[in-house]
Amino acid sequence: MSGDRRASLRVAALYAGGFLGPFGGGVVASMLPEIGGDLGVTPGTASSSLTAYLLPFAAVMLVSGTLGARWGRVRTVRWAYALYAVSSLACALAPSLGLLLGARAIQGVANSFTTPLLLAALAAVTPRERLGRVLGTFGACQAAGQTSAPLVGGLSAEVDWRLAFVILAVVSVALGAAGLPGAVDADDASEQGAPAGRLRDALTLPVLRVAAVAFLGWGALGGLSFLVAFRGEDTFGLTAAQRGLLLTVFGVAGILTARRAGGLIDRWGARRTIVLAAPLGAAAVLVAGTVDLLLVVALVWAAAGVASQMILVGVNTAVLGSSGANRGGAVSVVQSFRFFGAAAAPLALTPLYAVHPHVAFVVPALLLAVAAPLLVLRGTAR
């Protein structure tokens, strides 16, 4: 294989890794009845396989970028893919729910090392003036993984739900074999003998402000999908399939617009783009939660998907385009806060929905519209 072709394959593997993470997390969502039936538990109990993946994923990501910088990105990503493959096979072979949950937790830990290090690797091989578009493409791959996971999981469950995990294992082995671009190898080599990445370099006040924006941006947009599903049933009487279709427009809109959002960031800067996107996303959430016309709800939920990509690509560009000493660790912290936002949304907003459905949408909309721009304007986003 020629050098140029090998380099192109490795760059493509970076984007494929962005797809794999959210895909592996969400693939069980549509096959919980089959998992429960096979393992002798209820679908509700089987849903703990989602939490078992997401909590270790978000928690370990606080430090995974820093540890990866110490160990070397290339070596760490290869070992993370190997661990992901082994844990995926363990999921496929699990004879009980307890073993499945343990294997899912290991999957989450493995993915916590790939996601931020792949982002840092992309930044290492991308000119600064094109960074937004490249990270936008990575964001589109993540959105595609999240959007397609329930469909592929459901199709796999028609044959055998364990097949989905075998596929994940095979893909992760292939990605590990592909490796990372040569520039990343050179970057790792150039850092040998340099001071090891330190967590305190990633936990600076500017980074934490950006991380708080990621927490709000995902918790108050993508994290509200469960509320939109509640409203689809309670207000419009939608079936499960119809609710799924309604939620899908968020991800599809993100896939189609993420690269353009990155181009906008390259032209305007991350700060201006986030300041624009936050109130637009808040307005979409407000309309989605209060207007009683289904077509309008679908359109504004798609708009919320666009706003979420503008914010998420913006926060990644803000930290990876900075001159910080531990950019890989910084983007790791930001991504961790993002997924903690998604995990916190149901806990915080379900009680508000029980008080009054509109309140559960108004509160996150106000936080996103007011707090996110203030945090960005006081921070050091580009």
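A residue counts as buried when its relative accessible area is under 20%. Keep that cut-off handy for this tour of a predicted model.

**Stop 1: Phenylalanine 250 and tryptophan 301**

Select phenylalanine 250 to begin. Its relative accessibility is 9%, so this residue counts as buried. Now add tryptophan 301, which is buried too, because its value is just 1%. Show both side chains as sticks and look at the rings. Their centres are 4.8 Å apart and the planes meet at 35 degrees, so this is a tilted pair. Which helices do the two partners come from? Phenylalanine 250 belongs to helix 13 (residues 240-268), and tryptophan 301 belongs to helix 15 (residues 294-320), so the pair ties together parts that lie 51 residues apart in sequence.

**Stop 2: Alanine 304**

Stay in helix 15 and click on alanine 304. Buried or exposed, what would you say for alanine 304? It is buried, with a relative accessible area of 0%. Now show what surrounds alanine 304: setting aside neighbours within four places in sequence, it is in contact with Leu221, Phe250 and Ala284. You have already met Phe250, the ring that pairs with tryptophan 301. For a sense of distance, draw a line from alanine 304 to leucine 208: they are 96 residues apart in sequence, and their C-alpha atoms are 24 Å apart in space.

**Stop 3: Glycine 244**

Go back to helix 13 and pick glycine 244. This one is partly exposed, at 32% relative accessibility. Try the distance tool again, this time to isoleucine 274. That residue is 30 places away along the chain, and the two C-alpha atoms are separated by 28 Å.

**Stop 4: Phenylalanine 19 and phenylalanine 23**

The structure has eight aromatic pairs. Select phenylalanine 19 and phenylalanine 23 to see one of them: the ring centres are 5.4 Å apart and the planes are at 20 degrees, which makes the pair stacked. Why are these two about one helical turn apart? Both sit in helix 1 (residues 3-26), and they are separated by four residues, so that is about one turn of the helix. Turn on the surface and compare the two. Phenylalanine 19 is partly exposed, at 30% relative accessible area, while phenylalanine 23, at 9%, counts as buried.

**Stop 5: More rings**

Next, select Tyr53, Phe57 and Phe339 together, since these three form one aromatic cluster. Then move to arginine 338 and tryptophan 218. What sits over the ring of tryptophan 218? It is the charged end of arginine 338, 4.5 Å from the ring centre.

**Stop 6: Helix 6**

Colour residues 97-124, which make up helix 6. How far apart should the ends of this helix be? Its 28 residues, at 1.5 Å a residue, should span 40 Å, and the end C-alpha atoms are 41 Å apart, so the two values agree. Most of this helix is covered, with 20 of the 28 residues buried.

Zoom in on leucine 119, which is part of helix 6. Leucine 119 has a relative accessible area of 0%, so it is buried. Which residues touch it, apart from neighbours within four places in sequence? Leu135, Phe138, Asn316, Leu320, Val331 and Gln335 are in contact with leucine 119. Another line to draw runs from leucine 119 to arginine 327: they are 208 residues apart along the chain, yet their C-alpha atoms are separated by 9.8 Å.

**Stop 7: Threonine 126**

Follow the chain out of helix 6 into the loop that leads to helix 7 (131-159), and you reach threonine 126. Although it is in a loop, threonine 126 is buried, with a relative accessible area of 12%. Its side chain reaches the backbone oxygen of leucine 122 at 2.6 Å. Not counting neighbours within four places, threonine 126 is also in contact with Leu131 and Val134.

**Stop 8: The cysteines and valine 355**

Select cysteine 91 and cysteine 141. Cysteine 91 is buried at 0% relative accessibility, and cysteine 141 also counts as buried, at 19%. How many disulfides are there in the model? The count is zero.

Finish at valine 355, in helix 16 (residues 327-355). At 66% relative accessibility, this residue counts as exposed. For a last line, join valine 355 to leucine 55: they are 300 residues apart in sequence and 27 Å apart in space, C-alpha to C-alpha.

Methods: Residues are numbered from 1 along each chain as its sequence is written. This is a predicted model: local features need pLDDT of at least 70, side-chain atom pairs count only at pLDDT 80 or more; totals for chains, interfaces and linings use all residues. Side-chain values use heavy atoms; hydrogens and water are left out. The expected span of a helix is 1.5 Å times one less than its number of residues. Buried means under 20% relative accessible area, exposed over 50%, partly exposed in between (1.4 Å probe, protein chains only). Rings of Phe, Tyr and Trp (its six-membered ring) pair if their centres lie within 6.5 Å; planes under 30 degrees apart count as stacked, over 60 as edge-to-face and the rest as tilted. A charge sits over a ring if NZ of Lys or CZ of Arg is within 6 Å of the ring centre and within 35 degrees of the ring normal. A disulfide is a pair of cysteine sulfur atoms within 2.5 Å. A polar contact is a pair of N or O atoms within 3.5 Å; within protein, one must be able to donate a hydrogen and the other to accept it, and residues adjacent in sequence count only if both atoms are side-chain atoms. Contact means heavy atoms within 4.5 Å.
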